[in-house]
Amino acid sequence: MTKVVNYISEAFEELKSNVTWPVWADVQRYTVIVALFSVLFALATWGVDELFAKSLEGFFRWLKG
């Protein structure tokens with residue numbers, strides 16, 4: 001158990017002393033960029049899914065036909 005506690009304390013020390021953290025304005029800007037790309041990617045995925053669903057529906061309707 002002491003190994004785990006030691007590992008966690010060393011990890012926190014590493015984060016405090018050796019990591020360069022961005023300024024708050026950059027964090028906000030990057031968050032907005034990631035959110036926008038996430039929404040765009042979700043919409044693109046939804047569009048491709050709808051396209052395939054309609055295509056398969058039309059194909060099976062044509063087979064039944």
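User: What makes the meeting of the Arg61 and Glu57 side chains a salt bridge?

Analyst: The N to O distance is 2.6 Å. A salt bridge needs a side-chain nitrogen of Lys or Arg within 4 Å of a carboxyl oxygen of Asp or Glu. The value 2.6 Å is within 4 Å, so the name applies. A word on the source: this is a predicted model, where local features need pLDDT of at least 70, side-chain atom pairs count only at pLDDT 80 or more, and totals for chains, interfaces and linings use all residues. Residues are numbered from 1 along each chain as its sequence is written, and side-chain values use heavy atoms, with hydrogens and water left out.

User: How many salt bridges does the structure hold?

Analyst: It holds 3. One of them joins Asp26 and Arg29 at 3.2 Å, N to O. Another joins Glu13 and Lys16 at 3.9 Å, N to O.

User: Why does the Glu13 and Lys16 contact still count?

Analyst: Its 3.9 Å is within the 4 Å limit, so it counts.

User: How are these partners placed along their helices?

Analyst: Helices here are DSSP runs (H or I, at least four residues; strands are E, at least two), numbered from the N terminus. Glu13 and Lys16 both sit in helix H1, 3 residues apart, about one turn. Asp26 and Arg29 are 3 residues apart in helix H2, again about one helical turn. Arg61 and Glu57 are 4 residues apart in helix H2, also about one turn.

User: Why is Arg61 called exposed, and what is Glu57 called?

Analyst: Buried means under 20% relative accessible area, exposed over 50%, and partly exposed in between (1.4 Å probe, protein chains only). Arg61 has 52%, so it is exposed. Glu57 has 41%, so it is partly exposed. Lys16 is exposed at 65%. Asp26, at 23%, is partly exposed.

User: What makes Phe59 and Phe60 an edge-to-face pair?

Analyst: Rings of Phe, Tyr and Trp (its six-membered ring) pair if their centres lie within 6.5 Å; planes under 30 degrees apart are stacked, over 60 edge-to-face, and the rest tilted. The structure holds 2 such pairs. The Phe59 and Phe60 centres are 5.5 Å apart and the planes stand at 65°, so this pair is edge-to-face.

User: Why is the Phe59 and Trp62 pair called tilted?

Analyst: The ring centres are 6.1 Å apart and the planes are at 35°, so the pair is tilted. Both residues lie in helix H2 (residues 24-64), 3 residues apart. Phe59, Phe60 and Trp62 form one aromatic cluster. Trp62 is exposed, at 63%. Phe59 is partly exposed, at 42%.

User: What makes Tyr7 fit for a nonpolar patch?

Analyst: Patches take residues with over 30% relative accessible area and no salt bridge; like charges are joined within 9 Å, nonpolar side chains (Val, Leu, Ile, Met, Phe, Trp, Tyr) within 5 Å. Tyr7 lies in helix H1 (residues 2-17). Its relative accessible area is 58%, and that is over 30%, so Tyr7 meets the area cut-off. Other members of the patch include Met1, Val4 and Trp21. Together the patch has about 990 Å² of accessible area.

User: How do you know that area?

Analyst: Accessible areas come from the Shrake-Rupley method with a 1.4 Å probe; for residues, only the protein chains shown count as cover.
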